[in-house]
Amino acid sequence: MIRIRHTDESPHEASEINVTPFIDVMLVLLVIFMVTAPLTTVNVPVDLPSSTEKPTPRPDDPVFLTVKADHGLALGEDDISADALPGALETATKGNKDERIFLRADKTVDYGTLMGVMDKLRSAGYLKVALVNLQGQEEGSEAGSTPVPTGGNVAPAAPASGATP
């Protein structure tokens, strides 16, 4: 007798992967990332607080370079011109290019002027620059305070605005 087999009688395995759960998971992740991505960008101007770290100890004979409100320079207590800065730094540091220069600037000095001074320091070979601020005081109460170095090694300074590297 001839027997005809029907497809319903033989057990067969499903060799296809069901991708529906994977698509569901991917869509849920996509929605989560779409919701959280705008929260990770910072586009709100914020007045950041000052650092609570203790300042680095000051050396015995620090070299202070000051940018005054009128954009003039002073090395220690002596006024100098921008052209005389490399020679005056050489004298003040006794030729030690690895000595840290403590850079102070009046708060009215614009960023471009400050970067120009840092560029002059870099071209003179002084790559260790510490920025000085008033430690532990609010913005408006500066009377009777001493400047405290808070910055570390800033090497090398970025070129001033308008200059190309």
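**From helix α3 to the nonpolar core**

Helix α3 is followed by G125, a residue whose phi is positive, near 100°. The model in which this is seen is a predicted one, and α3 offers a convenient point of entry to it.

The length of α3 can be checked against its ends. With 1.5 Å allowed for each residue, the 13 residues of α3 should span 18 Å, and the end C-alpha atoms are indeed 18 Å apart, so the two values agree. Along this helix, the buried residues are T113, L114, M115, V117, M118 and L121. The cover over them includes strands β1, β2 and β4, helix α2, and also β5, which comprises residues 129-134.

Several of these elements return in the largest nonpolar core, which has 20 residues. Within this core, the residues with the most contacts are L65, L75, L89, I101 and L103. Two or more core residues come from each of β1 (63-67), β2 (73-75), α2 (85-92), β4 (101-105) and α3 (111-123). Of the contributors, α3 gives the most, with 5 residues.

L65 illustrates how the core is assembled. Leaving aside residues up to four places away in sequence, L65 touches A74, L75, L85, I101, F102, L103, R104, V117 and L121. Among these partners, V117 and L121 also belong to the buried residues of α3, while L75, I101 and L103 are, like L65, among the residues with the most contacts inside the core.

The surface presents a contrasting topic. A nonpolar patch of about 750 Å² is formed there by I17, V19, F22, I23, L27, L30 and M34. One of its members, I23, lies in helix α1, which covers residues 20-40. I23 has a relative accessible area of 45%; because this value lies between the 20% limit for buried residues and the 50% limit for exposed ones, I23 is classed as partly exposed.

These elements can now be placed in the chain as a whole. The chain contains 3 helices and 6 strands, and from the N terminus onward their order is α-β-β-β-α-β-α-β-β. Of its 165 residues, 21% count as buried. When contacts between residues at least 6 apart in sequence are considered, 64% of them join residues at least 24 apart. The contacts of L65 with V117 and L121 are examples of pairs brought together across the sequence. Finally, the chain exposes about 12,700 Å², of which carbon and sulfur atoms supply 58%.

Conventions: Residues numbered from 1 in each chain as written. Predicted model: local features only at pLDDT ≥ 70, side-chain atom pairs only at ≥ 80, totals over all residues. Heavy atoms only, no water. Core = buried A, V, L, I, M, F, W, Y, C linked by side-chain atoms within 4.5 Å. Buried < 20%, exposed > 50% of the residue type's maximum accessible area, 1.4 Å probe, protein only. Helix = DSSP H or I, 4+ residues; strand = E, 2+ residues; numbered from the N terminus. Contact = heavy atoms within 4.5 Å. Patch = residues over 30% accessible without salt bridge, like charges linked within 9 Å, V, L, I, M, F, W, Y side chains within 5 Å. Areas by Shrake-Rupley, 256 points an atom, 1.4 Å probe, with all protein chains shown as cover. Salt bridge = Lys/Arg side-chain N within 4 Å of Asp/Glu carboxyl O. Expected span 1.5 Å × (residues − 1).
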